[in-house]
Amino acid sequence: MSARVLSRRFGRLHLHASPRRAVASVRGSSCQADIGGEQEKQEADDEEGAQWLRPAGEYTLLYNPSAYCRPTVRKSGRQGDAESPQLSLVPAPRQMSNIYSISSSRHLSISKNTLLDLAFGRDEGAKDKAATPLPSQDVPPDVQVDPRAFQLCRPEYRSFTHDLSSRPPALPAKEASLILHKVTMLKGSMTPTDITHFLCTLGTLPAQQTLSIRGDSRFYMLLRYSVESLQSFTNTQLLDVLRALVLIDLSPSHSMLELYELEFANRAAGLELHQLLLAADLWRCLGRTVTHYLERLYDCLSAHFGQIGPPEFVELVYLIGEGRKCPAPLVQPLEFMLVRHLDKLLPEELGVVCLGLFKAQSSLSVGVVRRLVDQALALVGQMSDFALVNVMKLLRFSHLDHLAWLEAMGTEIPRRAPGMGVQGLMHVVLACGALHYHNDSILLAVARRVPDITPHCRSKDACKMLWAFGTLGVRQRQCPDMYSALTEVLRQREAEFQRYPEHLLTALLGLAFAGQFPQDLLSRALSPDFVKRASASQQLELRKDLFTLDGTVGLELPQWTGPRLSQAVKEEVTRLLWDFAQEDVCRKPEVLEAEVVLRELLGGEQFVRKHMILPHTRSIDLEVRLDPRGQPLPVISEEILSVELTHATDRSWEQGHSGVTLTDDLLAQLTNTRKPPAQAPSPPPPLRRNIVVEGEREGVFSVGVDLTDGLLGSMTKPRCHQTSPTRRTERTTTRIAVQVSNRNHHCYRSQQLLGFHALKRRQLTLAGYHVVELAHWEWFPLLRRSRAEKLAYLHCKIFGSQKD
């Protein structure tokens, strides 16, 4: 049997294949190759064996997980594959590049993001445009940090982590040649000790010379024999071999590594805690995702809980984060260990714990997360920018409104922003946007830095910053150059939208929130090709974004002649949005109560319509219509609107009363006052419907609402139709959109509307509606009050708002 046939069989091995079968195949190949005894045949077989073990190509790591300034931190990272003229070995075959790229996502959740996302089939020398600076003159380098710098905080880390910044003494090139020659001489007679020694010695080559080693057929012969000896290695030897492969910078996609992972997974139960952690750390340094091994590691942790101190705990959380998954049974033990070690963690370790929990989407209890941020706040002055940003990421994921931390950022970010990189600044404003936290000190400090960092912006960075600034209502006049600079990044990075269409849509929404409408980018987003590509993903979120942009163009750009969505797409998304609204918003108690009380106030169901007035704004309103004299008109369907003229002649409306009249008794109750007993109450004017004020109460609006002079004045202002007709400039039907807001419509602890809701209100006005807001700080407390109080409140909102 030829070596070629056996090598093909081995090449089909998968992760769950038996390593013994794989080794047997390789041994069969080597034995058959030794039969001839001729040197030329042996060299040919060796070269052939090297080719089936050799990966498709070597890879250059362009992965930059963060860009936050950290003083006095040593840099480390995988070295490039530049060929060195100092080491002359067997010429390497043609190398094909395979670049890593950071996976992007428009969502605040990071469950689908992969830190190392392999992208196959690129041309040699290709660069990931997402990591390449925009062309410009004299572009300063972006700020770089080492995400593994926490391992330098304590000497204990040395026993279970690998220091990428430290390499052993360099091996002379001549020694490397001798070792590879020994491999060809010893062949199958090499012992596990020999293989370990050879690989570890080759690992001491200077980083820039490892490319020649990886291209040498004798090196792949050595790898082949290492696979044969997998089960014969001791645990220490197996770890030494893996460390050597890290130093040699072996491609993480090499098929041989599947067998190594399987061997480590099979041995996990017999490894010590530090060996378990070291193996996982070495796989992380190699850049390979080892889900199977990590699962076995987590299963074995219960036997080692008593040995886990602060450094072991931090390393464990780091590994969990890099693996992007935390098993549910491990969450509670993690909480217990975090609480136990929290006071002993150093500032950088706190940042790493926050980052690991964020990446793994570990939903710890609110109390534990708050204690973690409390501890970070106590050490915030000693934290690096990288650690500080990691705390912001965890707050964003946890939706935790830690006000003391956020207020501290109002001081820290302006001080640190000039030295921070683009990704760090992006995560700061993105966290503020997700938490609805508007702080001018933070936002403007970042906005002023934006023009300097745009050469290093990916489309992901630009789109998320635009979304955050637009959501929080940052105006162009506050930072004249920020929006234009980020918009230009979108134009420069337009090619990235082929792969990430969500980035363009997110950016355009943020710009629309701020009243910015770049027509060239809108034309691109609404073009048939782009719509087809975005719709092909089957993500409803992208179609909703397209629908919102299309409706925005229709209202905000009346002279628009560019592309629009098809009617079929708009009808489909409208139906989906309405189905969702009926199951969610339409059933909320505050909305249902407003609808019922409005119907009672106006005289029937036909006078209130609950629907999406502007479907592209994705929310419902209660529509009310009044004729020129302020009388309600039916709005259940468009056909009923034809009764407008006949309805205006109804004599019952001429008495000037609609619904509830604010009588002295009601005002006395609302103001918590009483008239003198001797004074007999005057009979109230006739009402459209008899409303009985419920039993006397003390302290009306005592549940969260103060009866201020402004609110009382609004409630007692006269009806618009009671004024002289000559004071009205328009005698047309008034369309009112009643919005029942909640706190998620406004910035945190503020009455400022968030970007999307401000856009909706602006567009309702453009569509001819008068917007009446039932603010949550007014309406929610009234839900527990009497019907008369609700009627009085809505009476003032509907009819008092018509006085112009």
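Contact, throughout this account, means that heavy atoms lie within 4.5 Å. By that criterion, residues 24 or more positions apart account for 79% of the contacts in the protein chain that have a separation of 6 or more. The model is a predicted one, in which local features need pLDDT of at least 70 and side-chain atom pairs count only at pLDDT 80 or more, while totals for chains, interfaces and linings use all residues. Residues are numbered from 1 along each chain as its sequence is written, and side-chain values use heavy atoms, with hydrogens and water left out.

The secondary structure of the protein chain comes to 33 helices and seven strands, where helices (H or I, at least four residues) and strands (E, at least two) are DSSP runs numbered from the N terminus. Of its 804 residues, 55% count as buried, a term that stands for under 20% relative accessible area, with exposed meaning over 50% and partly exposed in between (1.4 Å probe, protein chains only).

Helix 16 offers a useful place to begin. The axes of helix 14 (residues 347-359) and helix 16 are 8 Å apart, and the two helices pack at an angle of about 35 degrees; such axes are lines fitted to C-alpha atoms, for helices over the stretch in contact, and angles run from 0 to 180 degrees between N-to-C directions. Helix 14 passes helix 16 in a left-handed crossing, that is, one in which the near helix is turned anticlockwise from the far one by less than a right angle, a clockwise turn being right-handed. On the side of helix 14 the participants include Gly351, Val352, Leu355 and Phe358, and on the side of helix 16 they include Phe386, Asn390, Leu394 and Phe397. The residues of this contact divide into eleven nonpolar, two polar and three charged, with Ala, Val, Leu, Ile, Met, Phe, Trp, Tyr, Cys and Pro counted as nonpolar, Asp, Glu, Lys and Arg as charged, and the others, Gly among them, as polar.

Helix 16 (residues 385-398) also packs with helix 17 (residues 403-416), their axes coming within 12 Å and crossing at roughly 145 degrees, again in a left-handed crossing. Here Asp385, Leu388, Val391, Met392 and Leu395 in helix 16 meet Trp405, Leu406, Met409, Glu412, Ile413 and Arg416 in helix 17, and the residues of this contact divide into eight nonpolar, no polar and three charged.

Helix 17 itself has 14 residues and reaches 20 Å from its first C-alpha to its last, close to the 20 Å expected at 1.5 Å a residue, the expected span being 1.5 Å times one less than the number of residues. A kink of about 35 degrees nevertheless lies at Gly410, shortly before the proline Pro414, the bend at a residue being the angle between axes fitted to the seven residues ending there and the seven starting there. Gly410 is also among the buried residues of helix 17, as are Ala408 and Met409, and what covers these buried residues includes helix 15 (366-378), helix 16, helix 18 (422-434) and helix 19 (440-453).

Individual residues elsewhere complete the picture. Arg267 lies in helix 9 (residues 256-267) and counts as buried because its relative accessible area is 14%; leaving aside neighbours within four places in sequence, its contacts include Leu230, Phe233 and Leu238. Pro155, by contrast, is placed in the loop between strand 2 (117-118) and helix 4 (173-186), and counts as exposed because its relative accessibility is 56%.
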